[in-house]
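Here is a short round of questions and answers on packing, charge pairs and surface. Keep the structure open while reading.

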Amino acid sequence: MTLFGDPNIWLPWSFGALLGVSILIYVVLDGFDLGVGVLFPFANGAEKDTMVASIGPFWDANETWLVLAVGILLVAFPVAHGIILTSLYLPVAVLLIGLIMRGVAFEFRAKAPAPWKNTWNGVFYAGSLLSSLAQGFMLGMYIMGLTWTWGNVGFALLTAVFLTVGYSFIGATWLILKTEGALQKKAVDWAKGGIWGLILGIGAISVASPLVSPRIFEKWFSFPSMLYLAPLPILSGLLVAYLWWKLSTLPREDDSYAWSPFVAAMALFILAFLGLAYSFYPYVVPEQMTIYEAAAAPEALIIILVGACFVVPTILAYTALAYWVFRGKATALSYE
């Protein structure tokens, strides 16, 4: 345990980093398939079939990262797990209900008699919307310190809307990549509308975090830290400009650069996440408990780390395999 220095330092840091990476991968990957579900009301019947087919091979693997993140929080930071989930009990319950609705509707809509298909489409949309809103609400409450006041709840509701729009945006860029024809053109229009909600959401979070915490304000706006951090907002602005320019040129007849909005959207999400991670480090419970205070005993963490060294590469491998095998445009999803 002392190979990398003090185990009371490097082990909590390692699990904190692994927790952060798991959440980031989940937000990006499950974010786009939740976003596809949120866009359901704007598509016709045939387009909905294609949209479901575009996420069919991936959505189960995407949600594995949420399971991993919650598992790491539970076993590596058990006290923080209790505080966070107790504070967010209601939105967590809504999130789970939404995910269950999505999973059931995904299977049933392809097998149900024709008159029931629209019903299951509605359930799929409702589950996607509930899951997205719940995640946004939890993010807002986390930023505001997990304290339930009218002001904090209002901000969390605003964050819920912005994150849902952000998910619909990255979902639209995924559809640009995976579809063609009329649906691809619609996806370009959806992405053009969704990008403004994403910008407003990132802006609201960027403004709120320093205002809530003097510590975060000091981390971002003290000299010379603000110079080191300047690339984050600058790169984000450049990515937004690139996205708008690229979306204005799509779709193309040869389908070139259809991948670029999705890649740029992922990069924008990553930059936003890095900003949040920097703001809250080393706290796992905002302004209450650091990862070092919340961590389990080093003897337990080293055993868990050995298991993680096998589990995480396995998850990465089958996720990468799924995306490689089912690369290219979406085809009809059938159980026949």
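**Core, salt bridges and surface**

Q: How many residues does the largest nonpolar core have, and which helix gives the most to this core?

A: The largest nonpolar core has 98 residues. Among those with the most contacts inside it are Phe15, Met51 and Trp190. A core here is a set of buried Ala, Val, Leu, Ile, Met, Phe, Trp, Tyr and Cys residues joined through side-chain atoms within 4.5 Å. The helix that gives the most, with 13 residues, is H1 (residues 7-38).

This is a predicted model: local features need pLDDT of at least 70, side-chain atom pairs count only at pLDDT 80 or more, and totals for chains, interfaces and linings use all residues. Residues are numbered from 1 along each chain as its sequence is written, and side-chain values use heavy atoms, with hydrogens and water left out.

Q: Which tryptophan is in contact with Met51?

A: Contact means heavy atoms within 4.5 Å. Neighbours within four places in sequence are left aside. Met51 then touches residues including Val36, Phe40, Leu183 and Trp190. The tryptophan is Trp190.

Q: Is Asp33, the salt-bridge partner of Arg102, buried or exposed?

A: A salt bridge puts a side-chain nitrogen of Lys or Arg within 4 Å of a carboxyl oxygen of Asp or Glu. In this pair the closest N and O atoms are 2.6 Å apart. The partners sit in helix H5 (residues 89-108) and helix H1, 69 residues apart. Buried means under 20% relative accessible area, exposed over 50%, partly exposed in between (1.4 Å probe, protein chains only); at 0%, Asp33 is buried.

Q: Which helices does the salt bridge between Glu47 and Lys186 tie together?

A: Their side chains meet at 2.9 Å, N to O. Glu47 is in one helix and Lys186 in another, so the pair ties together parts 139 residues apart in sequence. Helices are DSSP runs (H or I, at least four residues), numbered from the N terminus. The two are H2 (residues 45-55) and H8 (residues 181-212).

Q: Which lysine is linked with Asp49 and Arg109 in a network of salt bridges?

A: The side chains of Arg109 and Asp49 meet at 2.7 Å, N to O. Arg109 is buried at 6% relative accessible area, while Asp49 is partly exposed at 28%. The lysine in their network is Lys117.

Q: How many salt bridges does a search of the whole structure find?

A: The search covers the whole structure. One of its finds is the pair of Arg102 and Asp33. The total is five.
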